[in-house]
Amino acid sequence: MQLSDNRLSPYNLTLFATYAIALLYFSTLIPELIHYVADNGSIQVKRSSIALLLLTLLLLVLGYLYQNGHRYAIHIASIGMALATPFIFDPQAFSNSTVPQEIWLPFVFALIVSQFRIAIVTLVISFGLAVFTYPDALRTPFSIVETVIIGLLLILARFILPRLISSNLEFNTATTSIGQAEVQSQRINENTEHSPNLTTEKNFATTLEQQQAFIQFAPISIAMLDKDMNYLAVSQKWCQENSRGYEHLIGRNHYDVNPDIPLECKSQYQQALAGATIQNTEFMWQQNDGLQRWLRCSLQPWRTQKNEVGGIIITCEEITDQKITESDLNSVLEESGDAIWICDGTGAFIYANPTASNLTGYSSSDFNNLRLIDIIQEEHEDELLEYLALTKYSKFTHREWMLKHKNGSTVNVELTTGHLPGDRIIALARNLTQKMKIESERFKLFQAVEQSPGCIMITNLDGEIEYVNTAFLKRTGYTQKEIIGKNPRIIKSGKTPSQVFVELWKTIKEGKTWQGEISNVSKNGQEFILFTTISVIRQMDGTISAYLAIGEDITIRKKGEERIFELAYFDQLTGLPNRTLLLDRLNQVISISSRSGVFGALLFIDLDHFKNINDTFGHQKGDLVLKQVAECLMLRIREGDTVSRFGGDEFVVLLTDLGTDDELAANKAKSVSLKLLEALNQTYQLGEVVHHSSASIGVAMFNGKYSNTDDLLKQADLAMYKSKKAGRNTLRFFDPSLESAMRQQSTMEEDLRRALKDQQFILQYQGQFTNNAKLIGAEILLRWKHPERGVMPPALFMPFAEETGVILPLGNWILETACNQLVLWEQISSKRELTLAVNISALQFKQTNFVETVLAIIKRTGANPQRLRLELTENMVIDNVDDIIQKNVGVKKCWNSLFIRRFRYWIFFALFPKTPPHRSTKNRPRFYP
């Protein structure tokens with residue numbers, strides 16, 4: 001069996017194997033036949049056996065023919081097998097009320113390798129002859145049911161098998177893969193016995209072969225196909241254009257070779273197969289590989305000797321390059337920014353591009369009824385006709401015209417007309433509206449420069465003035481005649497340092513922009529200051545051709561700089577130097593102290609509970625307090641010292657010249673600080689309201705060595721906070737241990753956050769027992785497995801965690817871990833009833849979303865809230881009883897109680913008077929486990 005395409009595909013291999021097995025199985029019946037003849041020696045049996053043997057040999061011959069491309073041989077073989085059925089079976093098989101397997105052989109064979117209708121014919125013949133030959137066959141209900149079931153299963157397999165084997169191949173691909181030319185010859189040979197005119201049929205076959213040979217060597221792209229669109233012959237050019245070999249195409253289906261062929265092309269194929277002739281149809285073929293091809297095809301049906309359509313002949317011409325050229329030209333016309341018309345000799349429009357329609361408002365259909373002279377606005381028509389007549393005798397002519405718009409308006413254009421072959425005229429119109437707009441904008445720009453309030457001057461590369469605007473003339477008092485051609489030195493006042501001009505010329509000669517202040521003098525001797533920006537003017541090639549100077553008169557602004565200085569360096573509320581001026585003076589004092597060794601002191605003053613004043617009486621009363629404090633401080637410092645409002649309710653006093661002895665200098669600073677504390681500890685009259693206030697002071701000493709402004713301010717601030725912690729209304733000197741403690745706190749905070757991220761914290765569980773030593777729960781003990789310090793108890797790090805706020809994420813992690821542990825215990829029967837106690841910090845409990853956070857963790861972990869106990873410190877209970885009761889309402893529905901260590905029974909009965917809590921004992925009482 002010939003497999004001309006996809007030889008190793010699963011479908012073809014299976015088909016070939018099935019065909020071979022069927023023939024072999026049929027051949028194995030020959031020994032049974034010989035045995036049957038030996039046992040039954042009648043002449044009738046021998047004759048039947050000889051007939052069966054000859055029929056078997058015929059089937060083998062037909063198989064060979066099918067292998068060489070004669071597909072009808074397989075149909076004959078199927079029917080022949082069905083005819084041989086009566087000679088095969090043992091009559092006793094039917095008497096046993098069964099259906100012999102051999103009766104299905106022709107039907108199965110036809111289902112697999114032939115057509116479905118042939119399979120049905122073989123089935124009818126096999127069963128018909130079996131019943132005719134053996135009248136007792138198929139008389140029992142069991143045999144009939146068996147026959148129907150097997151038949152349905154085989155038919156169902158017939159339609160499922162091809163889809164399971166290959167979704168890309170049709171069943172008849174293998175049976176039609178041989179050359180159609182041989183098929184046509186075989187058809188002629190089959191009809192030889194019944195044809196009255198053998199010579200005519202042979203001549204037709206010869207003609208068909210000649211046509212195929214002609215097509216194969218034709219210099220054009222041509223292909224001959226049968227009715228099933230299988231290739232019979234193709235030219236070499238067809239093979240080249242489709243990038244396939246001749247042997248690869250012959251016998252294959254056109255649609256299989258080109259699965260991406262357009263639908264419109266398939267429709268035309270059907271028309272040609274119906275007998276229609278289609279000439280020069282063009283279509284675009286978008287192939288699966290992304291290639292886009294344009295083809296011009298002609299379709300001609302060819303007919304058999306019976307005048308029936310035997311297939312079609314396709315002639316193709318590759319016109320992709322032509323289409324690309326046409327597309328490019330059309331794109332140029334369609335996308336051109338100029339309006340383009342093509343007219344005949346009379347001026348009637350033949351073509352107009354979209355720009356022409358946009359320019360004039362006329363559509364393509366409107367231009368069909370117009371001429372060129374109809375859209376040109378011209379009062380003297382004779383002059384227009386004369387101009388158009390000249391177009392025929394000159395290559396191109398140019399002139400500005402006014403074109404008529406469809407809405408009645410006019411458009412100013414530059415019209416170019418020229419003569420084309422065929423007595424045609426091409427006209428191109430460029431809209432001058434934009435050009436006129438640009439010219440108008442240039443005029444506006446000139447007017448803007450001329451009328452600008454800034455002084456504008458343009459000089460050449462030698463510094464000679466070429467242009468000045470009106471504002472420049474007005475400010476300097478010179479006229480155009482007096483100033484043009486002169487050097488800008490004519491307005492030089494002589495007060496601008498010469499180094500400024502050296503830097504100016506160096507900058508602009510490098511092609512950069514210079515900005516600065518220049519003092520000038522007008523013609524009448526009045527001085528004025530211009531903030532001047534000087535830049536270069538470049539030509540199209542980038543070379544510098546001139547200099548442009550734009551000056552803003554800042555004379556009045558300079559006079560207001562002193563006022564601006566006050567606003568920038570002094571506090572507007574108190575009149576004291578602000579932070580900026582303080583830092584400037586502090587830098588100066590440190591520099592002087594560094595050279596002289598004289599001590600100085602920085603006093604950082606913060607008003608106690610100042611926020612309460614603003615919250616209680618309002619910011620206006622707070623401002624009154626700040627003013628009175630500023631006056632009090634100014635009255636009690638020496639001349640040369642500085643009092644500054646640093647920000648908010650913070651004041652800084654800078655003391656200088658405290659001597660070179662450190663102890664004496666410290667005593668002086670202390671003496672001043674105590675006087676200030678006493679003065680500030682007073683009752684302030686705030687209109688109709690009185691308020692008593694005090695202050696806390698931090699002192700940092702310096703003598704210029706190893707001192708800078710940032711460090712001094714930080715040291716004084718730390719000392720001030722130390723005095724706050726000492727009870728307020730006091731003073732503290734900076735101690736290096738304060739800075740060390742702050743650094744340690746900062747380091748501890750970083751370590752805590754890193755430990756939480758790296759999961760360095762571990763939880764241990766301390767059992768809780770009843771008085772009878774029964775385990776009823778556990779309490780969580782937190783430990784920090786520090787990578788350097790080892791396992792640390794909470795007493796070493798929890799105060800830092802609370803102070804820095806790390807306790808919030810840490811507490812949530814402990815609570816979530818405890819809930820996960822409860823979920824694990826829930827799965828163990830011996831631990832299912834255990835409760836787990838978790839300590840809650842004061843900062844964590846004070847969070848407004850504390851209840852929501854706890855409930856979210858319980859919901860997320862799936863823990864039983866009845867087994868979770870939260871424990872608070874005694875101080876929190878005393879300070880926040882109302883808050884505890886209020887928050888307990890939010891969680892009361894989820895678990896038994898909220899425990900308070902040591903005072904747990906008291907608060908429990910206050911919250912739940914009807915429910916006694918569990919009594920438990922632990923190894924040792926603590927807040928931080």
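Q: Which residues lie nearest the centre of the largest pocket?
A: In this predicted model, the residues nearest the centre of the largest pocket are M457, P488, F501, I518 and I534, and they belong to a lining of 25 residues.

Q: And how much space lies in there?
A: The largest pocket holds about 530 Å³ of space.

Q: Which elements supply at least two residues of that lining?
A: One helix and four strands are named here: α22 (498-509) is joined by β12 (455-459), β14 (514-521), β15 (527-538) and β16 (544-553), and each of these supplies at least two residues of the lining of the largest pocket.

Q: How do the lining residues of the largest pocket divide by class?
A: There are 16 nonpolar residues in the lining of the largest pocket, along with 6 polar and 3 charged ones.

Q: OK, switching to cavities, how many of 30 Å³ or more are there?
A: The count comes to 3 cavities of that volume or more, and the second largest cavity contains about 100 Å³ of space.

Q: What lines the second largest cavity?
A: Its lining is made up of 15 residues, and those nearest the centre of the second largest cavity are W238, N242, W285, L295 and C316. Two or more lining residues come from each of α11 (236-242), β3 (278-286), β4 (292-303) and β5 (309-318).

Q: Which element gives the most?
A: That is α11, which gives 3 residues to the lining of the second largest cavity.

Q: And what about the classes there?
A: The lining of the second largest cavity has 9 nonpolar residues, 4 polar ones and 2 charged ones.

Terms used:
Residues are numbered from 1 along each chain as its sequence is written. This is a predicted model: local features need pLDDT of at least 70, side-chain atom pairs count only at pLDDT 80 or more; totals for chains, interfaces and linings use all residues. Side-chain values use heavy atoms; hydrogens and water are left out. On a 1 Å grid over the protein atoms alone, a cavity is a set of points where a 1.4 Å probe fits but cannot get out, and a pocket is an open set with protein on both sides within 12 Å along at least five of seven lines; lining residues have an atom within 4 Å of a point. Grid points are joined across faces, edges and corners, and a volume is the space filled by probe spheres set on the points. Ala, Val, Leu, Ile, Met, Phe, Trp, Tyr, Cys and Pro count as nonpolar, Asp, Glu, Lys and Arg as charged, and the others, Gly among them, as polar.
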